[in-house]
Amino acid sequence: DSGASTNDATPRLNGQAEAGSTVTVFQDDVEIGTTTAGNDGTWSFPVEALPDGEVTFSATATDANGNESVASDPFTLTIDTTAPNAPIIDPTDGETITGTAEAGSTVTLRDDDDNVLGTVPADENGNWSFTPTPALADGAAVTATATDDAGNTGPEGTATVDVDFDDQTPPVAPTLNSATDNVAPNAGNLDSGTSTNDATPRLNGQAEAGSTVTVFQDDVEVGTTTAGNDGTWSFPVEALPDGEVTFSATATDANGNVSTPSDPFTLTIDTTPPAEGDNTVSFADDVYSADEADSAILTGQIEDGASIDTLTITSDAGGEPVVIEGVDIDLTGGTFSTLADLSGLNDGTLTATLSITDEAGNTADFGDTATLDTLADAAPLATLTSNDADGLINAGDADTAS
(Lines give C-alpha, C1' and ligand atoms only; values in the text may rest on other atoms or scores of the structure.)
Protein backbone atom coordinates (compact mmCIF):
# COMPACT_ATOMS: atom_id res chain seq x y z
CA ASP A 1 0.00 0.00 0.00
CA SER A 2 0.95 3.63 -0.31
CA GLY A 3 3.02 4.74 2.67
CA ALA A 4 4.67 1.37 3.20
CA SER A 5 8.38 0.50 3.36
CA THR A 6 10.06 -2.07 1.12
CA ASN A 7 13.47 -3.61 0.68
CA ASP A 8 12.72 -4.03 -3.08
CA ALA A 9 14.60 -1.28 -4.91
CA THR A 10 12.75 -2.12 -8.20
CA PRO A 11 9.06 -2.38 -7.28
CA ARG A 12 6.33 -2.65 -9.93
CA LEU A 13 3.53 -0.04 -9.80
CA ASN A 14 -0.05 -1.18 -10.51
CA GLY A 15 -3.27 0.74 -11.24
CA GLN A 16 -6.46 1.31 -13.25
CA ALA A 17 -7.09 3.75 -16.09
CA GLU A 18 -9.36 4.17 -19.15
CA ALA A 19 -9.06 1.04 -21.28
CA GLY A 20 -6.47 1.52 -24.00
CA SER A 21 -5.23 4.85 -22.65
CA THR A 22 -1.58 5.72 -22.35
CA VAL A 23 -0.54 5.97 -18.72
CA THR A 24 2.35 8.32 -17.99
CA VAL A 25 4.19 7.66 -14.71
CA PHE A 26 5.91 10.36 -12.66
CA GLN A 27 8.50 9.88 -9.92
CA ASP A 28 8.74 12.89 -7.61
CA ASP A 29 6.94 14.92 -10.37
CA VAL A 30 9.46 13.83 -13.03
CA GLU A 31 8.19 11.69 -15.92
CA ILE A 32 9.95 8.31 -15.91
CA GLY A 33 7.99 6.37 -18.56
CA THR A 34 4.66 5.23 -20.03
CA THR A 35 2.60 2.07 -20.29
CA THR A 36 -0.79 1.19 -21.79
CA ALA A 37 -3.95 0.29 -19.87
CA GLY A 38 -5.39 -3.06 -20.93
CA ASN A 39 -8.90 -3.80 -22.15
CA ASP A 40 -9.97 -4.13 -18.51
CA GLY A 41 -8.21 -0.85 -17.63
CA THR A 42 -5.43 -2.44 -15.57
CA TRP A 43 -1.87 -1.24 -16.00
CA SER A 44 1.55 -1.87 -14.41
CA PHE A 45 4.95 -0.23 -14.62
CA PRO A 46 8.38 -1.58 -13.50
CA VAL A 47 10.42 1.05 -11.67
CA GLU A 48 14.17 1.20 -12.22
CA ALA A 49 16.53 0.72 -9.25
CA LEU A 50 15.87 3.30 -6.56
CA PRO A 51 18.17 4.55 -3.78
CA ASP A 52 17.14 4.18 -0.16
CA GLY A 53 14.67 6.86 0.91
CA GLU A 54 11.08 8.03 0.36
CA VAL A 55 9.75 8.39 -3.19
CA THR A 56 6.35 9.62 -4.51
CA PHE A 57 4.73 8.36 -7.69
CA SER A 58 1.74 9.65 -9.68
CA ALA A 59 0.20 8.99 -13.10
CA THR A 60 -1.96 10.57 -15.83
CA ALA A 61 -3.99 8.86 -18.57
CA THR A 62 -4.10 10.10 -22.21
CA ASP A 63 -6.84 8.75 -24.56
CA ALA A 64 -6.57 8.08 -28.29
CA ASN A 65 -7.60 11.67 -29.08
CA GLY A 66 -4.81 13.14 -26.96
CA ASN A 67 -7.01 14.16 -24.06
CA GLU A 68 -5.01 13.96 -20.79
CA SER A 69 -6.52 13.32 -17.40
CA VAL A 70 -5.66 15.01 -14.13
CA ALA A 71 -2.94 13.29 -12.09
CA SER A 72 -3.70 10.37 -9.84
CA ASP A 73 -3.47 10.66 -6.08
CA PRO A 74 0.20 10.42 -4.98
CA PHE A 75 1.55 6.99 -4.03
CA THR A 76 4.52 6.95 -1.64
CA LEU A 77 7.03 4.21 -0.82
CA THR A 78 10.06 4.16 1.47
CA ILE A 79 12.90 2.19 -0.07
CA ASP A 80 15.01 0.57 2.70
CA THR A 81 17.59 -2.06 1.77
CA THR A 82 19.71 -1.64 4.95
CA ALA A 83 19.40 -4.36 7.58
CA PRO A 84 19.13 -3.40 11.28
CA ASN A 85 22.08 -3.84 13.60
CA ALA A 86 22.21 -6.89 15.86
CA PRO A 87 19.95 -6.46 18.89
CA ILE A 88 21.59 -6.01 22.28
CA ILE A 89 20.45 -8.55 24.88
CA ASP A 90 20.73 -7.45 28.49
CA PRO A 91 22.16 -9.83 31.10
CA THR A 92 19.37 -12.21 32.01
CA ASP A 93 18.52 -14.82 34.63
CA GLY A 94 16.29 -16.64 32.13
CA GLU A 95 13.01 -15.39 33.65
CA THR A 96 12.68 -12.28 31.47
CA ILE A 97 14.80 -11.32 28.45
CA THR A 98 15.15 -7.62 27.65
CA GLY A 99 17.24 -5.53 25.31
CA THR A 100 17.32 -2.89 22.59
CA ALA A 101 17.01 -3.02 18.80
CA GLU A 102 16.15 -0.73 15.89
CA ALA A 103 13.06 1.27 16.81
CA GLY A 104 9.90 -0.25 15.30
CA SER A 105 11.61 -3.48 14.28
CA THR A 106 10.37 -6.97 15.15
CA VAL A 107 12.71 -8.95 17.39
CA THR A 108 12.80 -12.75 16.96
CA LEU A 109 14.32 -14.80 19.79
CA ARG A 110 15.73 -18.33 19.39
CA ASP A 111 17.25 -20.89 21.75
CA ASP A 112 20.62 -22.59 21.23
CA ASP A 113 18.90 -25.26 19.07
CA ASP A 114 17.63 -22.48 16.75
CA ASN A 115 14.04 -22.98 17.88
CA VAL A 116 11.97 -19.77 17.82
CA LEU A 117 11.07 -18.77 21.37
CA GLY A 118 8.88 -15.85 20.25
CA THR A 119 8.75 -12.41 18.62
CA VAL A 120 8.26 -8.99 20.17
CA PRO A 121 8.20 -5.43 18.79
CA ALA A 122 10.81 -2.85 19.69
CA ASP A 123 9.13 0.38 20.80
CA GLU A 124 9.85 3.89 19.53
CA ASN A 125 12.95 3.96 21.76
CA GLY A 126 14.13 0.54 20.65
CA ASN A 127 13.33 -1.21 23.94
CA TRP A 128 11.84 -4.72 23.97
CA SER A 129 11.03 -7.41 26.51
CA PHE A 130 10.13 -11.10 26.30
CA THR A 131 9.16 -13.66 28.95
CA PRO A 132 9.89 -17.25 27.86
CA THR A 133 7.76 -20.13 29.11
CA PRO A 134 9.30 -22.03 30.76
CA ALA A 135 12.19 -19.88 31.97
CA LEU A 136 15.56 -20.61 30.39
CA ALA A 137 18.11 -22.66 32.34
CA ASP A 138 21.41 -21.35 33.65
CA GLY A 139 24.04 -21.41 30.91
CA ALA A 140 21.49 -21.58 28.06
CA ALA A 141 22.27 -19.52 24.97
CA VAL A 142 19.70 -17.14 23.48
CA THR A 143 19.94 -15.23 20.18
CA ALA A 144 17.93 -12.33 18.80
CA THR A 145 17.52 -10.81 15.33
CA ALA A 146 15.72 -7.64 14.31
CA THR A 147 13.56 -7.34 11.17
CA ASP A 148 12.56 -3.83 10.07
CA ASP A 149 9.32 -2.71 8.39
CA ALA A 150 10.94 -3.15 4.98
CA GLY A 151 11.65 -6.82 5.68
CA ASN A 152 15.41 -6.55 6.23
CA THR A 153 16.74 -8.90 8.92
CA GLY A 154 20.03 -8.06 10.63
CA PRO A 155 22.71 -10.19 12.30
CA GLU A 156 22.26 -12.04 15.59
CA GLY A 157 22.84 -10.72 19.06
CA THR A 158 23.66 -13.38 21.64
CA ALA A 159 23.64 -13.80 25.41
CA THR A 160 24.08 -16.59 27.95
CA VAL A 161 21.64 -17.06 30.80
CA ASP A 162 23.19 -16.42 34.24
CA VAL A 163 20.77 -17.15 37.04
CA ASP A 164 23.00 -15.12 39.36
CA PHE A 165 23.34 -12.05 37.16
CA ASP A 166 21.52 -9.86 39.70
CA ASP A 167 23.40 -11.40 42.63
CA GLN A 168 24.41 -8.77 45.18
CA THR A 169 26.26 -11.11 47.53
CA PRO A 170 30.03 -10.54 47.56
CA PRO A 171 32.30 -13.55 47.01
CA VAL A 172 34.04 -15.06 50.00
CA ALA A 173 37.47 -13.60 50.65
CA PRO A 174 40.13 -15.22 48.46
CA THR A 175 43.05 -17.07 49.97
CA LEU A 176 46.70 -16.35 49.30
CA ASN A 177 48.28 -19.73 49.93
CA SER A 178 51.88 -19.57 48.81
CA ALA A 179 54.56 -17.82 46.79
CA THR A 180 56.62 -19.73 44.24
CA ASP A 181 60.40 -19.20 44.54
CA ASN A 182 62.20 -19.90 41.24
CA VAL A 183 65.75 -19.17 42.46
CA ALA A 184 67.97 -21.94 43.88
CA PRO A 185 68.54 -23.31 46.41
CA ASN A 186 65.11 -22.79 48.01
CA ALA A 187 63.09 -23.08 44.79
CA GLY A 188 59.52 -24.16 45.43
CA ASN A 189 56.47 -22.92 47.29
CA LEU A 190 57.00 -20.62 50.27
CA ASP A 191 54.72 -19.97 53.22
CA SER A 192 53.84 -16.55 54.56
CA GLY A 193 56.54 -15.14 56.82
CA THR A 194 59.50 -16.70 55.02
CA SER A 195 62.53 -15.13 53.35
CA THR A 196 63.43 -15.56 49.70
CA ASN A 197 66.24 -14.56 47.35
CA ASP A 198 63.75 -14.49 44.45
CA ALA A 199 62.88 -10.83 43.80
CA THR A 200 60.05 -11.84 41.41
CA PRO A 201 58.07 -14.55 43.21
CA ARG A 202 54.69 -15.78 41.91
CA LEU A 203 51.72 -15.56 44.28
CA ASN A 204 49.21 -18.44 44.36
CA GLY A 205 45.72 -18.73 45.87
CA GLN A 206 42.05 -19.67 45.59
CA ALA A 207 39.00 -17.49 44.83
CA GLU A 208 35.46 -17.78 43.45
CA ALA A 209 35.68 -19.43 40.02
CA GLY A 210 35.80 -16.83 37.25
CA SER A 211 36.14 -13.90 39.62
CA THR A 212 38.64 -11.09 39.08
CA VAL A 213 41.37 -11.20 41.72
CA THR A 214 42.94 -7.84 42.57
CA VAL A 215 46.37 -8.05 44.20
CA PHE A 216 47.68 -5.45 46.63
CA GLN A 217 51.30 -4.89 47.68
CA ASP A 218 51.60 -2.97 50.96
CA ASP A 219 47.95 -1.86 50.43
CA VAL A 220 48.65 -0.53 46.90
CA GLU A 221 46.97 -2.27 43.94
CA VAL A 222 49.59 -3.86 41.68
CA GLY A 223 47.43 -5.80 39.20
CA THR A 224 44.64 -8.27 38.55
CA THR A 225 44.25 -11.85 37.38
CA THR A 226 41.30 -14.21 36.86
CA ALA A 227 40.48 -17.27 38.94
CA GLY A 228 40.13 -20.42 36.82
CA ASN A 229 37.18 -22.79 36.69
CA ASP A 230 38.61 -24.59 39.71
CA GLY A 231 39.12 -21.29 41.55
CA THR A 232 42.92 -21.33 41.41
CA TRP A 233 44.78 -18.13 40.55
CA SER A 234 48.37 -16.97 40.34
CA PHE A 235 50.05 -13.60 39.89
CA PRO A 236 53.68 -12.83 38.91
CA VAL A 237 55.15 -10.08 41.08
CA GLU A 238 57.42 -7.50 39.48
CA ALA A 239 61.00 -7.09 40.76
CA LEU A 240 61.03 -6.14 44.44
CA PRO A 241 63.75 -4.41 46.47
CA ASP A 242 65.22 -6.13 49.52
CA GLY A 243 63.03 -5.87 52.61
CA GLU A 244 59.70 -7.09 53.97
CA VAL A 245 56.58 -6.81 51.81
CA THR A 246 52.95 -7.67 52.56
CA PHE A 247 50.49 -8.90 49.93
CA SER A 248 46.70 -9.28 50.03
CA ALA A 249 43.92 -9.86 47.49
CA THR A 250 40.21 -9.30 46.89
CA ALA A 251 37.80 -11.11 44.54
CA THR A 252 35.21 -9.34 42.34
CA ASP A 253 32.42 -11.40 40.77
CA ALA A 254 30.73 -10.83 37.40
CA ASN A 255 28.16 -8.52 39.03
CA GLY A 256 30.81 -6.26 40.52
CA ASN A 257 30.47 -7.52 44.09
CA VAL A 258 33.81 -7.20 45.90
CA SER A 259 34.93 -9.52 48.68
CA THR A 260 36.73 -8.60 51.85
CA PRO A 261 40.55 -8.84 51.60
CA SER A 262 42.42 -12.08 52.10
CA ASP A 263 44.61 -12.61 55.12
CA PRO A 264 47.94 -10.80 54.67
CA PHE A 265 50.85 -12.75 53.19
CA THR A 266 54.34 -11.51 54.05
CA LEU A 267 57.70 -12.19 52.44
CA THR A 268 61.15 -10.88 53.20
CA ILE A 269 63.08 -10.29 50.00
CA ASP A 270 66.80 -10.84 50.60
CA THR A 271 69.12 -11.03 47.60
CA THR A 272 72.27 -9.99 49.53
CA PRO A 273 74.86 -12.72 50.25
CA PRO A 274 75.96 -13.26 53.87
CA ALA A 275 78.63 -10.75 54.96
CA GLU A 276 81.93 -11.07 56.83
CA GLY A 277 81.75 -9.94 60.40
CA ASP A 278 78.47 -11.75 60.92
CA ASN A 279 80.10 -14.96 59.68
CA THR A 280 83.60 -16.23 60.62
CA VAL A 281 85.69 -19.35 60.94
CA SER A 282 89.15 -19.74 62.54
CA PHE A 283 91.67 -22.37 63.60
CA ALA A 284 92.33 -22.60 67.34
CA ASP A 285 96.15 -22.58 66.69
CA ASP A 286 98.30 -21.02 64.00
CA VAL A 287 100.63 -24.06 63.82
CA TYR A 288 99.78 -27.72 64.31
CA SER A 289 102.82 -29.86 65.25
CA ALA A 290 103.58 -33.47 66.06
CA ASP A 291 101.65 -33.66 69.29
CA GLU A 292 98.48 -32.23 67.75
CA ALA A 293 98.79 -33.10 64.09
CA ASP A 294 95.90 -35.53 64.13
CA SER A 295 93.22 -32.97 65.00
CA ALA A 296 92.40 -29.30 64.89
CA ILE A 297 89.73 -27.33 66.67
CA LEU A 298 87.86 -24.78 64.54
CA THR A 299 85.44 -22.22 65.91
CA GLY A 300 83.29 -19.44 64.44
CA GLN A 301 79.87 -17.88 64.13
CA ILE A 302 77.10 -17.54 61.54
CA GLU A 303 74.31 -15.01 61.20
CA ASP A 304 70.81 -15.62 62.55
CA GLY A 305 68.77 -17.94 60.38
CA ALA A 306 71.75 -19.16 58.34
CA SER A 307 72.87 -22.77 58.16
CA ILE A 308 76.27 -24.40 57.63
CA ASP A 309 76.56 -26.39 54.42
CA THR A 310 80.17 -27.68 54.76
CA LEU A 311 83.47 -26.92 56.44
CA THR A 312 86.33 -28.00 54.16
CA ILE A 313 90.03 -28.15 55.13
CA THR A 314 92.77 -28.55 52.51
CA SER A 315 96.57 -28.35 52.46
CA ASP A 316 98.58 -26.71 49.73
CA ALA A 317 100.93 -29.71 50.02
CA GLY A 318 98.15 -32.17 49.20
CA GLY A 319 96.61 -35.02 51.06
CA GLU A 320 93.00 -36.03 51.60
CA PRO A 321 90.78 -32.95 52.12
CA VAL A 322 88.67 -32.91 55.24
CA VAL A 323 84.97 -32.25 54.53
CA ILE A 324 82.65 -31.85 57.51
CA GLU A 325 78.92 -31.63 56.77
CA GLY A 326 77.01 -28.91 58.59
CA VAL A 327 74.90 -31.47 60.46
CA ASP A 328 78.09 -32.80 62.09
CA ILE A 329 79.12 -29.41 63.52
CA ASP A 330 78.22 -28.39 67.04
CA LEU A 331 76.11 -25.25 66.54
CA THR A 332 74.87 -23.37 69.59
CA GLY A 333 72.95 -20.23 68.73
CA GLY A 334 75.07 -18.37 66.23
CA THR A 335 78.42 -19.90 67.32
CA PHE A 336 79.94 -23.23 66.42
CA SER A 337 82.94 -25.45 67.12
CA THR A 338 84.17 -28.69 65.63
CA LEU A 339 87.11 -31.07 65.81
CA ALA A 340 88.74 -31.87 62.46
CA ASP A 341 90.90 -34.93 61.76
CA LEU A 342 94.05 -33.71 59.94
CA SER A 343 95.76 -37.10 59.66
CA GLY A 344 95.15 -37.39 55.92
CA LEU A 345 96.69 -34.01 55.07
CA ASN A 346 100.33 -33.29 54.17
CA ASP A 347 102.41 -30.69 55.97
CA GLY A 348 101.84 -27.25 54.53
CA THR A 349 99.48 -24.31 54.68
CA LEU A 350 96.00 -25.34 55.74
CA THR A 351 92.92 -23.50 54.46
CA ALA A 352 89.53 -23.85 56.16
CA THR A 353 86.55 -22.85 54.01
CA LEU A 354 83.15 -22.38 55.65
CA SER A 355 80.20 -22.53 53.19
CA ILE A 356 76.88 -21.21 54.54
CA THR A 357 73.37 -20.46 53.24
CA ASP A 358 71.26 -17.74 54.80
CA GLU A 359 67.54 -17.94 55.49
CA ALA A 360 66.66 -16.51 52.05
CA GLY A 361 68.88 -19.01 50.22
CA ASN A 362 71.90 -16.76 49.53
CA THR A 363 75.24 -18.57 49.84
CA ALA A 364 78.79 -17.41 50.72
CA ASP A 365 82.18 -18.82 51.68
CA PHE A 366 84.46 -17.65 54.51
CA GLY A 367 88.00 -18.86 55.29
CA ASP A 368 91.00 -19.01 57.64
CA THR A 369 94.53 -20.48 57.37
CA ALA A 370 97.01 -22.30 59.64
CA THR A 371 100.21 -24.35 59.29
CA LEU A 372 100.54 -28.10 59.61
CA ASP A 373 104.13 -29.16 60.56
CA THR A 374 104.30 -32.66 61.98
CA LEU A 375 108.12 -32.39 62.51
CA ALA A 376 107.93 -29.41 64.80
CA ASP A 377 108.71 -30.15 68.47
CA ALA A 378 109.51 -33.81 67.66
CA ALA A 379 111.76 -35.79 70.13
CA PRO A 380 115.53 -35.50 69.20
CA LEU A 381 117.37 -38.48 67.69
CA ALA A 382 119.28 -40.77 70.14
CA THR A 383 123.06 -40.13 70.54
CA LEU A 384 125.29 -43.24 70.58
CA THR A 385 128.66 -43.20 72.50
CA SER A 386 131.29 -45.86 73.39
CA ASN A 387 133.87 -46.33 76.17
CA ASP A 388 136.38 -47.89 73.73
CA ALA A 389 139.50 -45.93 72.97
CA ASP A 390 138.57 -45.82 69.30
CA GLY A 391 135.20 -44.43 70.26
CA LEU A 392 133.41 -46.81 67.93
CA ILE A 393 130.72 -49.32 68.55
CA ASN A 394 132.20 -52.55 67.25
CA ALA A 395 130.77 -55.99 66.77
CA GLY A 396 131.27 -58.05 69.86
CA ASP A 397 131.85 -55.05 72.13
CA ALA A 398 130.52 -55.54 75.59
CA ASP A 399 130.13 -51.79 76.03
CA THR A 400 126.78 -50.27 76.38
CA ALA A 401 125.45 -47.64 74.07
CA SER A 402 123.24 -44.83 75.20
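Student: Before we start on Ser282, what makes two strands count as a pair?

Tutor: Two strands pair if DSSP finds at least two bridges between them. Keep in mind that this is a predicted model. Here, Ser282 stands opposite Thr299 in S26.

Student: How do you know that S24 and S26 are paired?

Tutor: Count the bridges. S24 and strand S26, residues 295-301, share four bridges in the antiparallel sense, and the cut-off is at least two, so the two strands count as a pair.

Student: Why is strand S24 said to stand at an edge?

Tutor: Look at the order first: the open sheet has four strands, running S24-S26-S30-S29 with antiparallel pairing. Strand S24 (280-283) and strand S29 (330-332) each have a single partner strand, so one side of each has no neighbour in the sheet. Neighbouring strands here are turned by 20° against each other on average, ignoring direction.

Student: Why is Thr338 called buried?

Tutor: Thr338 sits in strand S30, residues 335-341. Its relative accessibility is 11%, and buried means under 20%, so Thr338 counts as buried.

Student: What is Thr338 in contact with, leaving aside its neighbours within four places in sequence?

Tutor: Its contacts are Ala296, Ile297, Leu298, Leu311, Ile324, Asp328 and Ile329.

Student: And Ser248, why does that one count as buried?

Tutor: Use the cut-off again. Ser248 has a relative accessible area of 13%, which is under 20%, so Ser248 is buried. This serine lies in strand S22, residues 243-252. Leaving aside neighbours within four places in sequence, Ser248 is in contact with Leu176, Thr214, Val215, Phe216 and Ser262.

Student: What makes the side chains of strand S12 an alternating set?

Tutor: In S12 (residues 127-130), Trp128 and Phe130 point to one face and are buried, while Asn127 and Ser129 point to the other face and are not buried. Trp128 is also the bridge partner of Gly99. As for the strands, S9 (residues 97-100) and S12 pair in the antiparallel sense over four bridges.

Student: Now the largest pocket: which residues lie nearest its centre?

Tutor: Asn14, Gly15, Trp43, Ala59 and Ser72, out of 21 lining residues. Strand S2 (12-16), strand S3 (22-27) and strand S6 (53-62) are the elements that give two or more residues to that lining. The space in the largest pocket is about 300 Å³.

Student: What classes of residue make up the lining of the largest pocket?

Tutor: The lining has 12 nonpolar, seven polar and two charged residues. Gly counts as polar, so Gly15, one of those nearest the centre, goes with the polar class.

How values were computed: Residues numbered from 1 in each chain as written. Predicted model: local features only at pLDDT ≥ 70, side-chain atom pairs only at ≥ 80, totals over all residues. Heavy atoms only, no water. Axes fitted to C-alpha atoms, helices over the stretch in contact; angles between N-to-C directions. 1 Å grid on protein atoms, 1.4 Å probe; cavity = no way out; pocket = protein on both sides within 12 Å on 5 of 7 lines; lining within 4 Å. Points joined across faces, edges and corners; volume = space filled by probe spheres on them. Buried < 20%, exposed > 50% of the residue type's maximum accessible area, 1.4 Å probe, protein only. Contact = heavy atoms within 4.5 Å.
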